[in-house]
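Work through the exercises below with the sequence and the 3D structure open. Try each task before reading its solution.

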Amino acid sequence: MASTHDPHLWLEEVEGEEPLNWAEQKNLKTKERFCTTSSFGAQQEKILAILDSDERIPGFVAYGTDLYNFWQDKAHPRGIWRRTTLEEYKTRDPAWETILDLDALAKAEDEDWVWGGHSMLRPDHDRALIHLSRGGGDAAVVREFDLQKRGFLENGFRVPEAKSNVSWAGRDRLLIGTDFGSESLTDSGYPMTVCVWERGKQLSTAREIFRGESTDVGVGAHSDPWNGNSEYYITRGTDFYNSELFVYRDGQLERVNKPSSANAMIHRGALILRLKTDWNSYKAGSLLIGEVCANTADSTNLDILFEPDESSTLEGWSTTKDSVVLNVSENVRTRAYSAVKTDTGWRVDRIGSESGFLNESAHGFDSDTSDIYVVNSESFLEPPSVSIGQSGSTLETLKQAPSFFNESKFAASQHWATSQDGTRIPYYEIRPASAEGPTPTLLYGYGGFEVSMLPQYSGTVGVGWLERGGSYVVANIRGGGEFGPAWHHAALRECRHRAYDDFIAVAEDLIDRGVVRQSQLGIQGGSNGGLLMGNMYTRRPDLFGAIACQVPLLDMSRYHLLLAGASWMAEYGDPENPDDWEFLKNYSPYQNVDSDGNYPPILITTSTRDDRVHPGHARKMAARLEEFGHTVYYYENTAGGHAGAADNTQRAFMQTLVYEFLWETLSNA
């Protein structure tokens, strides 16, 4: 375990007067350096115009014939929750009915409300549980909303601010895990119990039906209206990647027989499992389906919906009423499929047709009543489109986003670098088509929690970076999910260094290929990607010209003691275990920065209201670098949660700040 002496520990007091004053002083320094340039205002306006544009495709969640959308723009900075019909959505300018105006609510209640999502009562669709966060943190208050009267129920369900798990179990009953006081939360700060809460009763009277352990990540539950909410499905997360699944019926709890590492979903009486490891005769990465009641007694009678190979992996799945939609990545190029049960077994069909899009994904339209699926298509240089269809039919395009920058001036290509252990690492490069030599290049990475970096269109990257003459690169390093569970497992815990070796290999390949000079190479990452940035800073400062490190983990000796940090020990390790600290200390940037080192300029950003990754990581690192005399810039948003921003104006400012820092530093190198 690391030494407990830490002169900057006082910066962990999230809302202490001294830490906030310290942060404000650093903010002023950063704004004076980068927000007063001749280009900052114009760039911010361009990015904000994209974020606020009415031409963006409004995403939706369908319930029956109604489509619900949460929308933020210049007139509604906090956002409005609204709805329309599918037929109306197909028109060029749909008529939307505003259900809840968050700006008006925040003003009326004098609260810094940020939208935290909703949970719809099914199948009636006339009530919803609305989650409202103060400043954008994960903790939220929950209120019952009447969709017919378009207002909160005065005597409806209400949950005080907490990191709660709440779901409907019928019109007058909720399944809830929340902060009930002593011994109700895990060490990670998430609910440890599942209770049944009846309408008209005080929350304190909710009846406990399940209790996990304090060392768990958390527990949660839901039910399914297809069987009249007669069964409750309870998930106990023993760590971030392992869980137990229980069926609660007639007062009895029955454990489902599944591998602890398998992701589970229950839909209309069917159990869907995505395996992380080999199990019986089934291969890791496979998607299986069978009856829940049969599986609780016998787990061998399962059908295979998908089985991976060396180049393909399952990125995700969802359901329609009677089918399963599969999103499959083949060498980081995604395609969608539909699995339909027939008399002879499950038939899997390609959704849509071959196209130039690098990323085509699909999801069920309304899994309760419809077999329609929604298809989203995009590439780095092809704006998104949204289509719908169902098995046996051709796709109907609903919306096509416009171009937000001149994509024709750029070319996208995939390349492969070779990591230190010989593993080939893919990466995508978007580069000015006319470029003949090195250009300022921004390399983005994440590499953790089985999160894949897939090809996506970004108008803000286009105007904020590409149109200024830069190249943009996305690295698909290990720790992510680009090639399934094995790609993720390869960089877990003591193997974390492989993710960093991979990122370094991509950077070196870019330099070797003449895409960029070392002094022109900037890198960016947030959250776990912020930890990646911290390690690039301490391990290979000679390789990069500038680093943007956002909402990061950086002090790996204390991350498990701060907010939700304990939930990530399966990913990183336990600092209090001497064996784990032996490898953890090698990738803890806060401990590894050298007072005599020669480091590139770094911008570290965070949010006071980030209640997932503690802002103390960013604060302490900035303070230590300043103490050592290294060039560091720091910016702390007062709102925004782990996303770092709560509305489009804040998002535009933060994105412009990052691009301005990188461009000013790299283009002058």
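**Exercise 1. The two cavities**

Task: Find how the residues lining the largest cavity divide into nonpolar, polar and charged, and then do the same for the second largest cavity.

Solution. The model used here is a predicted one.

Step 1. In the largest cavity, the lining consists of 4 nonpolar, 1 polar and 3 charged residues.

Step 2. To check this, list the lining: K26, K29, T30, A622, E626, V632, Y633 and Y634. The charged residues are K26, K29 and E626, because Lys and Glu belong to the charged class. Tyr is counted as nonpolar, so Y633 and Y634 join A622 and V632 in that class.

Step 3. Assign the lining to elements. At least two residues each come from α1 (17-34), α13 (616-627) and β37 (632-637). The volume of the largest cavity is about 50 Å³.

Step 4. Turn to the second largest cavity, which holds about 40 Å³ of space. Its lining is made up of N165, L175, I176, G177, T193, V194, V219, G220 and A221. Two or more of the lining residues are given by each of β11 (173-177), β12 (193-198) and β14 (218-223).

Step 5. Sort this second lining: 5 residues are nonpolar, 4 are polar and none is charged. The structure holds 2 cavities of 30 Å³ or more.

**Exercise 2. Strand β16 and its partners**

Task: State which way β15 and β16 run relative to each other, then follow the chain on to β17.

Solution.

Step 1. β15 (residues 232-239) and β16 are antiparallel, with 7 bridges joining them. They form a hairpin that has 2 residues between the strands. Across this pair, I234 stands opposite F246 in β16.

Step 2. β16 also pairs with β17 (residues 252-255), again in the antiparallel sense, through 4 bridges. Here Y248 faces L253 of β17. This hairpin likewise has 2 residues between its strands, and D250 takes a positive phi near 55°.

Step 3. Look at how covered β16 (residues 242-249) is. Of its 8 residues, 6 are buried, so the strand is mostly covered, buried being under 20% relative accessible area.

**Exercise 3. Residue L253**

Task: Is L253 buried, partly exposed or exposed?

Solution.

Step 1. L253 has a relative accessible area of 40%. The limits are 20% and 50%, so L253 counts as partly exposed.

Step 2. List its contacts. Apart from neighbours within four places in sequence, L253 is in contact with F210, I234, F246, V247 and Y248.

Step 3. Compare with a residue elsewhere in the chain. E360 is 107 residues away from L253 in sequence, and their C-alpha atoms are separated by 40 Å.

**Exercise 4. Strand β3 between two strands**

Task: Which residues stand opposite I80 and R83?

Solution.

Step 1. β2 (residues 66-71) runs antiparallel to β3, with 6 bridges between them. In this pair W71 stands opposite I80.

Step 2. β3 is also joined to β4 (residues 97-101), by 4 bridges and in the antiparallel sense. In β4, E97 is the bridge partner of R83.

Step 3. β3 (residues 80-85) is mostly covered, with 5 of its 6 residues buried.

**Exercise 5. Residue T665**

Task: Which backbone oxygen lies 2.7 Å from a polar side-chain atom of T665?

Solution.

Step 1. Place T665 in helix α14 (residues 648-666).

Step 2. The backbone oxygen is that of F661.

Step 3. Beyond residues up to four places away in sequence, T665 touches G545, A546 and P601.

Methods:
Residues numbered from 1 in each chain as written. Predicted model: local features only at pLDDT ≥ 70, side-chain atom pairs only at ≥ 80, totals over all residues. Heavy atoms only, no water. Buried < 20%, exposed > 50% of the residue type's maximum accessible area, 1.4 Å probe, protein only. Pairing = 2+ DSSP bridges. Contact = heavy atoms within 4.5 Å. Polar contact = N/O pair within 3.5 Å; in protein donor to acceptor, adjacent residues only side chain to side chain. 1 Å grid on protein atoms, 1.4 Å probe; cavity = no way out; pocket = protein on both sides within 12 Å on 5 of 7 lines; lining within 4 Å. Points joined across faces, edges and corners; volume = space filled by probe spheres on them.
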